[in-house]
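Work through the exercises below with the sequence and the model open. Try each task before you read its solution.

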Amino acid sequence: MTYIPYLIVVASYVIYKLLHYVQLQQRAKKLGCKPIKHIPPRNWLDRIGIYEIVHRKELMQMGKTFELLEQAFARAQAKTFQGMALFHPFIMTIEPENLRHMMSLAHFNEWNIGYRPKAFGILLGDGIFSSEGTQWKHSRVMLRPSFTKENIKQITKMEPFAARVIELVKLKQGGVVDMQDVFQFFTMDFTTDLLLGESSDSLKDALGQPSQTGIDPELKRQFSIAFDVSSNYLMTRMILGPLMFLVNPKKLQDAIHTQHKFVDYYIEKALAMNADELNEKSDDGTIFLYQLAHETKDPVNLRNQILSIILAGRNTTSGLMTFLFAQLSKHPEIYAKLRDIIRSDFPNVESITFDSIQNCDYLRWCINETLRINPSVPFESKTASVDTTLPRGGGPDEKSPIFIAKGTRIVYSLWVGNRNEEYFGENTGEFIPERWEKLPRNGGVAFMPFSVGPRACLGQSLALTEAAYMTIRLLQTFDSCESHLGPEPLRKTSSATMRLMDGCNLCFT
Ligand code: HEM
Ligand SMILES: *[C@@H]1O[C@H](CO)[C@@H](O)[C@H](O)[C@H]1NC(C)=O
Ligand SMILES: *[C@@H]1O[C@H](CO)[C@@H](O)[C@H](O)[C@H]1NC(C)=O
């Protein structure tokens with residue numbers, strides 16, 4: 001008879017679960033929700049959501065994450081479907097209304113950013129990228145003025161770095177260069193210069209030039225390396241979610257220490273200045289750190305924000321440049337057209353201004369077409385903080401709302417969504433800048449490479465200007481760009497941002 005108490009416990013649990021289920025069903029019905037489509041499992045591994053984990057190695061090596069995802073939507077015959085990941089249901093969607101709903105101010109508090117704060121907090125603390133609620137709001141309000149158009153107009157600051165990129169390419173004398181690496185150097189060097197007033201100088205390193213600096217040159221060199229080492233661990237932590245405590249090795253702690261030491265050096269210098277000195281040294285208010293030092297004297301807060309901005313702005317922007325040039329190298333006729341337009345619109349370096357970039361339609365089409373076909377941030381994801389709904393995906397026509405239980409993760413795939421012919425015209429698998437002639441100026445409701453709503457990208461304008469500037473300078477200089485990339489589809493991988501697994505090997509002449 002000793003098993004009776006256990007039976008009672010089990011029975012109560014089952015009854016509780018059943019009642020909860022019935023309750024949810026009733027609520028869903030009252031809200032006008034209809035059933036969501038399910039992706040048919042291929043096997044038992046799929047059924048419990050560990051197929052991708054078991055086959056992780058092979059799938060990674062194939063480098064076809066995104067192509068397979070496109071097939072998954074085809075298999076589900078849906079634009080919104082439910083699947084299983086690690087014993088948990090999740091929802092995948094390419095319905096723009098669903099993403100806009102989750103990101104909107106009206107529904108902001110119903111959703112959260114999942115494990116990001118915990119996974120990234122060990123590097124970024126509660127900086128803008130890894131915080132929520134009032135802490136996030138504070139950061140957003142404090143950082144916003146640094147990203148104003150006036151500042152971004154200061155594009156003359158890009159020139160030294162663009163010039164070094166060109167020098168590096170010329171050094172190869174028509175040989176093959178991995179431009180993915182070079183653009184990574186560019187974005188890191190420019191971003192550190194803009195934020196801290198001194199560049200990480202990885203381009204000078206690659207050129208074998210000494211970097212004049214007050215900081216220990218070895219610490220400076222180690223910074224970029226440490227940044228990538230830690231990013232990789234932090235992404236793994238994010239994927240592991242509740243098991244992330246398993247990933248906190250000494251290598252990660254050392255990398256974090258190096259980054260903190262580097263940034264703290266500049267913060268200490270800034271905090272030692274009074275308001276007048278800050279103004280004087282701030283280069284017309286263009287250096288972020290000197291602007292932020294007017295707002296807060298808290299060195300840890302300053303460090304969290306600076307590192308957050310580097311993390312958010314670096315691979316994303318270099319990814320845009322990399323994929324643009326990969327496409328241009330595969331389409332010599334587009335390269336030639338863009339080159340001729342650029343050489344007539346921008347005859348020299350001085351003619352490149354914020355406004356003249358805005359007025360060069362074909363350049364902006366090429367950049368937006370890249371963000372469409374190879375979005376730097378290929379996924380957007382939110383987790384439900386409460387039981388709630390999404391407007392699309394219910395019923396056979398998927399036009400009704402669906403019910404979302406608290407804790408469910410929603411993933412929006414930009415890669416697949418950006419290929420939807422309903423919004424982007426024909427042949428969406430191909431790079432055709434001319435399609436933008438017929439699209440709305442902002443790309444339409446489905447075009448959201450920088451996300452939307454209160455938490456949309458702060459650096460959009462800066463990123464587009466950086467990519468345009470670098471493109472103009474390269475096309476002013478080089479007549480052609482030959483592809484040494486592998487066969488299509490190119491192998492790609494994605495942590496938070498998308499990258500080419502085999503590099504971006506190009507030959508400029
Ligand atoms: C092509 C380049 C870029 C793309 C595609 C991009 C995309 C995005 C996206 C999708 C988000 C939202 C992430 C989320 O919360 O789910 C975001 C946030 C953010 N981005 Fe960008 N970004 C780019 C460049 C930049 C640059 C250059 C900077 C700054 C130097 C920057 C700074 C930020 C910051 C600070 C946030 C966090 C905003 C917040 O949480 O309130 N980004 N970006
Ligand atoms: C940025 O790219 C590098 C590879 O160049 C990678 O090691 C790192 O994890 C990426 N960082 C982020 C935040 O995605
Ligand atoms: C490119 O996209 C951005 C939004 O990401 C938009 O502001 C801009 O107007 C677009 N440019 C063109 C030429 O459509």
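## Exercise 1: The shell around ligand 2

Sort the residues around ligand 2 by class: how many are nonpolar, polar and charged?

Solution. The model is a predicted one. The shell around ligand 2 holds 1 nonpolar, 6 polar and 2 charged residues. Now put names to them. The surrounding residues are Gln184, Asp228, Ser231, Asn232, Leu311, Asn315, Ser495, Thr497 and Arg499. Leu counts as nonpolar, and Asp and Arg count as charged.

## Exercise 2: Helices and polar contacts at ligand 2

Which element supplies the largest share of the shell around ligand 2? Which distances separate its oxygen atoms from side-chain N or O atoms of Gln184 and Thr497?

Solution.

1. Start with the helices. Both α13 and α17 supply at least two residues of this shell. The largest share comes from α13, with 3 residues.
2. Apply the cut-off: a polar contact needs a pair of N or O atoms within 3.5 Å.
3. Check Gln184. A side-chain N or O atom of Gln184 is 2.7 Å from a ligand 2 oxygen.
4. Check Thr497. Here the distance from a side-chain N or O atom to an oxygen atom of ligand 2 is 3.5 Å.
5. Add Arg499. One of its polar side-chain atoms lies 3.0 Å from an oxygen atom of ligand 2.
6. Finish with cover. On its own, ligand 2 has 370 Å² of accessible area, and the protein covers 87% of that.

## Exercise 3: Ligand 1

Which of the 23 residues around ligand 1 come nearest? Which element gives the most to the shell?

Solution.

1. Pick out the nearest residues. They are Trp136, Arg140, Glu380, Arg455 and Cys457.
2. Look at the oxygen atoms of ligand 1. A polar side-chain atom of Trp136 lies 2.8 Å from one. For Arg140, a side-chain N or O atom is 2.7 Å from a ligand oxygen. For Arg455, that distance is 2.7 Å.
3. Assign the elements. Two or more residues each come from α8 (133–143), α17 (299–330) and α23 (460–477). α17 gives the most, with 6 residues.
4. Sort by class. The shell has 13 nonpolar, 6 polar and 4 charged residues.

## Exercise 4: Ile239

Is Ile239 buried or exposed?

Solution.

1. Locate the residue. Ile239 sits in helix α13, residues 217–240.
2. Compare with the cut-off. Exposed means over 50% relative accessible area. Ile239 has 54% relative accessibility, so Ile239 counts as exposed.
3. Find a partner distant in sequence. Tyr115 is 124 residues away along the chain, yet the two C-alpha atoms are 8.4 Å apart.

Notes:
Residues numbered from 1 in each chain as written. Chains lettered and ligands numbered in written order. Predicted model: local features only at pLDDT ≥ 70, side-chain atom pairs only at ≥ 80, totals over all residues. Heavy atoms only, no water. Helix = DSSP H or I, 4+ residues; strand = E, 2+ residues; numbered from the N terminus. Buried < 20%, exposed > 50% of the residue type's maximum accessible area, 1.4 Å probe, protein only. Near = heavy atom within 4 Å. Polar contact = N/O pair within 3.5 Å; in protein donor to acceptor, adjacent residues only side chain to side chain. Areas by Shrake-Rupley, 256 points an atom, 1.4 Å probe, with all protein chains shown as cover.
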